Amino acid sequence: MTITDPSAFGSQPSGEDDPSVRPSLVEGVNEDFSSVTDAVAGIAEIPVERTNRAWIICFAISVSLLGMLGMLILHLITTGVGVWGNNNPAYWGWPIVNFVFWVGIGHAGTLISAILFLTRQNWRTGVNRAAEAMTIFAVVCAGMFPGIHIGRVWVAYWLFPLPNQMAMWPNFRSPLLWDVFAVSTYASVSLLFWYMGMVPDLATFRDRAVNNTRRIAYGIFSLGWTGSSRHWHVYERAYLLLAALATPLVLSVHSVVSFDFAVSQLPGWHTTIFPPYFVAGAIFSGFAMVLTLMIPARQFFGLKHIITMRHIDVMCRILMATGLMVGYAYSIEFFIAWYGGVQYESFAFVNRAFGNYWWAYWIMVTCNVIIPQLFWSKKLRANLWVVMIVSITTNIGMWFERFVIAVTSLSRDFVPSSWGYFSPTWVDVTMFIGSFGLFFTLFLLFLRFLPVVAIAEVKTVMPQAHAHGEDHGESHSAGGSAAAPASRHDA
Amino acid sequence: MSDQKKNDEIHGVVAYFDDVDSVMSAARKVRDAGYKKWDAYTPFPVHGIDEAMGTKPTILPWIVLGMGLTGMACGLLLQWYTNAYDYVFLISGKPNWSLPANIPVTFEVVILFSAYTAFFAMLGLNKLPHLSNPLHKLPKFRRVTADRFAICVEAKDPNFDADRVRAILGADTSEMEDCPVDTSRAALPLWFHAVMALVTCATFIPLSLAVKGRFATSEKPRYHVWPDMDFQRKRKTQTGWEGFEDGRSMRLPVEGTIPRGELRDDFELYFGVAQGSSVPPRATYDAGSMGGEKHEWLQSFPTAVVVDEALLERGRERYGIYCGVCHGAQGNGLGAVALRAKAIDAEQWGWVSPKALQSDSAKAYTNGELFHIASHGISSMKGYGSQITPKDRWAIVAFVRAIQASQALPKAPGDLPEGVDFEPVPTIKDVRLSEASVDAPAGGTEPAGEAR
Amino acid sequence: MHGPIEIPTTDQVTVTGLSKPAMIGLGVGIAGLAATAALGTSAGDEMRHFGHSMLVAIVFFLSISLGALFFTLLQHVTSAGWSVVVRRVAEAMTAAFPILGLLVLVVLVGPVLAGKPWTYDWADHDFVVAHELIQHKAGYLNAKFFLIRVIAYFAVWIGVARFFSGQSLAQDVDQDKSRTLKMQGRSGICMIAFGLTLTFAMFDFMMSLNAEWFSTMYGVYMFAGAFWSSLATLALLTMWLEKRGQLKGVVTSEHYHDIGKLMFAFTVFWSYVAFSQFMLYWYADIPEETYWFNYRVWGDWNGFALLLLVGHFAIPLLGLMSRHVKRNRSVLAAWAVYCLVFHFVDLYWNVMPEMVNGVPGGDPATTGPQFSLMDLTAMIGVGGLFAFAVLKRIDGKPALAIGDPRLPESMAFQNI
């Protein structure tokens, strides 16, 4: 069944030496619609008592961390934001760094779903569902940090333009309010996009259900989907529209996050490259997270023929490309800091690289720019250990990027008398770790109970999905590139 | 007739197919046979089946476009109403209605409206959720969401004829059956309905509490869910505390304490009286209680004040800022306030016109008295001690003396010293007020000239 | 739904009879440049208008070539299949680099070496002495280094363009599939070189017009416009070759649909970049940065700024949205011409306010656009030479990458 699939870490991906032949997206000679359905639905149908042990261990750890996060938030709310290390001059410390970090991770999902859908990157079908789920959970983690950062969380509703007894309205000229709109729009639209893609697969689960609880639960959320072609017609158009809307939305969200920094006059923040640079960084970190999650998931859940080495190879290349874009932004910033002739700006950048926080800066450069260059080698892209390590260092590097931006600029004010050095407290550190608990708890639940792979979409890229009245050759499903076609002819 | 009867009992005829080719072929045949109420069911969207079924393009994109534009209008309107109309406040020098700063939120609202519309209009156009479909009752139909294809021609179609449909579908199908009309009730168990009903009712509780809170009144103090620093472990001012012997929460200053910067041992400078004289009360000047010999008013200037050109210049500047609006720039009592008061006939409400400082009565005051008047006021004039430093008050006194001296020059042109072109300023009695003179900036020579 | 695909023979797609149009292009180009030079010298403004008009024209066509180079690289780096049928046309559009390089050397670098501020104020020694900030940059903005950089940029562009079109042409003959892999392998590193050279070239040619102003996003902004206009040119040139018969039956409305989609995407991308750059400077309101926008958006150039907002963003956004527009050749051609016009407007708005800015007493905020016949003749002149180079390259060679192993895939390509 998984003949061409490398079964162990470190083996080669299926050869791609002949450019005229596109490798098939779902590997294995006898794959058909029912085996794909079985592979994906089988994960969710495992009886509770036979749950994968690795899953149980991971889940136990995640839930413990989540519980810790809950306690920490309670501690924060009852004591006050003084429990964090945020203090003059670095008022934006770890909470904001964590916020940007998680929002960034939340970009790859919608990117894979939307942009790759629009550019007909059919390879996305194997990973898009999990990536979308990752997006939503990451955005949940992200939204939590500014939520608790406001201090008095019980008045968080002031962020929204709601009529109130104070007869006041929020300030729409503030980028922080743009953030509220961008992140909440992004969260809810991603949720819709994810859910809508899942409706047909939930119907599959409903129809395979062996007991009433499952039938009712999946039945309600699948909304009575029958697979009607007339429904598919509207559904596909709606999906296309959502993808077309989500694409600029993805770009806008991290651009707006970058505006939080860039509209200010603080050296190191106020630079015009910030919006595209943040977006590239977000995609970079998002793909790193997808790799970090999908490599173990495919290993443990028997999805190696659906999430193939080719998927991993393509994602590694995207990782490297976006890493280079981030590197481009770092260098242009440095150049313009000198070229612009503003001494504050030059100081801010020299201080980043050689000041108090030189270690954070060089961790960032090493992890984001230097290490991903390993992926120039096809061999290393095929070695899952290397891919795993690089994806993790990328996540570390991207966290440090946000730390470098937020903290180095703030700690070196215009007035040297107010210079300071930011130190996190134990609450900062444990809360960040706790946010991983939140993320992984949700993600593991998703892995266990929901369709991990977009079953219906995978079927559309299988050779059997095309009528033979058309010109579709056997074993040529769609290929992956800037605009891969859905069909191909043998010359 | 028997067919007609049968049509009432069945929902439709369902045929199953094993691959894409056969379902496409069957779909074309059904389409060509002219049926309207029928559908093909597939586990994934089959490329080309829309054409095979003759499905018309959906209007969904137009709905989404319309809602997107609505979103744009709403976004802009919201920002205009909240920041430029209803609650105007200045932020970092930006205009209240700043379009560049409003674009991000407008964009997000457009996306929000469009995306929600795309999803919910999709549900609406597909008439979903639709949980009780007779097709779901067919065990074989369940494979349609996994690996099988089906076509169902419904009995509701006006041209429906079960045998004909079977004949059409029979060529490609692998299996065929009739789908009975769904006569069973509640597909969901009773407990589910009960729970849902409870939940639905419960969702109204917060809303009703909010409504009650909005319209009901209560005499009880606000219930503090969050303390918001309202209660703190500290003593407030002017309250008691048993911890100190005198029972006060505040401490009294030590005997003989003088507030910082309040040491006033130079009587000449601070009170306008000779050193060692009795200090005049901090009260409005009253000729009855203060004139005469009660206080030893200073005739000249304190020793701490050096009268020179710089002091006069300073006095002129301070005078222009604090005094000129009433007394006029030249001390003739024709300041803007005085002119306005005259124009509206303010004396009927007890207004006292500012004194012309060249008048003999004004000249009669000693320097010390003038200083006291500048500090604590006279008649309806309030004191300026809190606004003007003592040295500046002395500078003003010096300037007033200068005005008086200049106005005392001989009136006939021939008597003037060489090179001096002097004309006495008008007094308030000479002024015949018109609207123009009231609005004109008073105090200078021009308005005075106009007034004449 | 469509018949079996027949790969055309080399003869069918080989372009012939272009030498005459190419020579006409050369003639028009030389005549246009001569007219511009004559107008420039007689204008009596020390060649200021000449220099700036020529800059607009050179960067206009340079950005088309750069966009085409990016297109070619992008297809290789992503091993795309759909675009094979139009890739040769894009490759041909990169043939103009040598002639554009020559123009840059003569019209832009020459005066700088001679210390004459035809285009760049910083070329003038006295100007630099009077501006402390520019002295700070003298290590970068000086004549010799400028010359070295320009040579480096064009060396990279010509080298990369020649490698990819050379390999592709060789593949026409030997059908060697390994060439595709070779191009794919090199495309990554070439992409990096492209990104850096484009950025710094645009800093040098465009941003240093106002040597005190700076923006980190400027390279991205110029790239967005370049790729946008290049796609428009690609669509037009492909249609022309299709009409002449060389690409008939090969290029279908599916391919135009994709080019149209990219045009639409880059309409949005350009607007995104332009807005971000403007908004960040407008919001922070730091005098050193905002003044550049101040006289472009609020002075007498205000009309141009509004024109860009409507014409470069709103109208094409709505116009290119529909799939019917993108699939209809003549409608898409009209939009392509429209895009080229607005790319010109964009460049004109970027360059021309600086014409009076460096001159003593010159104030772009109150001077406003000063149109001259030179603006037109420069475009005709450079355009003629550009056409000459591109047509010369196409002439006698297949208009289709006939040996590309992905050609059948591209011909069978259908939008979902």
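1. Helices (H or I, at least four residues) and strands (E, at least two) are DSSP runs, numbered from the N terminus. With those labels in hand, the loop between helix H5 (99-125) and strand E3 (149-154) of chain B is where Pro129(B) has its place. The model discussed throughout this note is a predicted one.

2. Pro129(B) deserves a look for its backbone, since the peptide bond that joins Leu128(B) to Pro129(B) is cis, with omega about -5°. Chain A has a cis peptide bond to a proline as well, running from Asn88(A) to Pro89(A) with omega near 5°. The residue Pro89(A) lies in the loop between helix H2 (53-79) and helix H3 (94-105) of chain A.

3. A further backbone point concerns Ser92(B), whose phi is near 40°, which is a positive value in a residue other than glycine. A reader who wishes to find Ser92(B) in the model should go to the loop between helix H4 (60-86) and H5 of chain B.

4. The contact between chain A and chain B takes 65 residues from chain A and 72 residues from chain B, and the area buried between these two chains is about 6200 Å², with carbon and sulfur atoms giving 68% of it. On the side of chain A, the residues that lose the most area to chain B are Trp169(A), Arg173(A) and Arg230(A), which together make up 14% of what that side buries.

5. How many salt bridges are there between chain A and chain B? The count between these chains is zero salt bridges, whereas 26 residue pairs, both members at pLDDT 80 or more, are in polar contact between chain A and chain B. The elements that give two or more residues to the side of chain A touching chain B are helix H1 (33-45), helix H6 (175-208), helix H7 (212-221), helix H8 (229-262) and helix H16 (455-460) of chain A. The largest share of that side, 18 residues, comes from H8(A), and by class the side of chain A that touches chain B has 35 nonpolar, 20 polar and 10 charged residues.

6. Chain C also meets chain B, in a contact that takes eight residues from chain C and nine residues from chain B. About 760 Å² is buried between chain C and chain B, and 80% of this area is given by carbon and sulfur atoms. Across this interface the rule finds zero salt bridges, and it finds one residue pair in polar contact, both residues being at pLDDT 80 or more. Sorted by class, the side of chain C that touches chain B has six nonpolar, one polar and one charged residues.

7. Within chain C, the axes of helix H10 (residues 218-244) and helix H15 (residues 329-351) come within 9 Å of each other and cross at roughly 150°. The crossing of H10(C) and H15(C) is left-handed, and the residues of the contact between these helices divide into 18 nonpolar, five polar and three charged.

8. Over all chains the structure holds 36 salt bridges. Side chains of opposite charge can pair when their charged atoms come close. In chain A, the side chains of Arg124(A) and Glu457(A) meet in a salt bridge, at 2.7 Å from N to O. Arg124(A) lies in the loop between helix H4 (107-118) and helix H5 (128-149) of chain A, while Glu457(A) is in helix H16 of chain A, so this pair ties together parts that are 333 residues apart in sequence.

9. The last point returns to chain B, where Glu296(B) has its place in the loop between helix H9 (287-290) and helix H10 (309-322). Which residues does Glu296(B) contact, leaving aside its neighbours within four places in sequence? Glu296(B) is then in contact with Gly272(B), Val273(B), Ala274(B) and Ser277(B). By contrast, Glu296(B) and Cys152(B), which are 144 residues apart along the chain, have C-alpha atoms separated by 117 Å.

How values were computed
Residues are numbered from 1 along each chain as its sequence is written. Chains are lettered from A and ligands numbered from 1 in the order in which they are written. This is a predicted model: local features need pLDDT of at least 70, side-chain atom pairs count only at pLDDT 80 or more; totals for chains, interfaces and linings use all residues. Side-chain values use heavy atoms; hydrogens and water are left out. Axes are lines fitted to C-alpha atoms, for helices over the stretch in contact, and angles run from 0 to 180 degrees between N-to-C directions. A crossing is left-handed if the near helix is turned anticlockwise from the far one by less than a right angle, and right-handed if clockwise. Ala, Val, Leu, Ile, Met, Phe, Trp, Tyr, Cys and Pro count as nonpolar, Asp, Glu, Lys and Arg as charged, and the others, Gly among them, as polar. Contact means heavy atoms within 4.5 Å. Buried area is the accessible area (1.4 Å probe) that two parts lose on being put together, summed over both. A salt bridge is a side-chain nitrogen of Lys or Arg within 4 Å of a carboxyl oxygen of Asp or Glu. A polar contact is a pair of N or O atoms within 3.5 Å; within protein, one must be able to donate a hydrogen and the other to accept it, and residues adjacent in sequence count only if both atoms are side-chain atoms.
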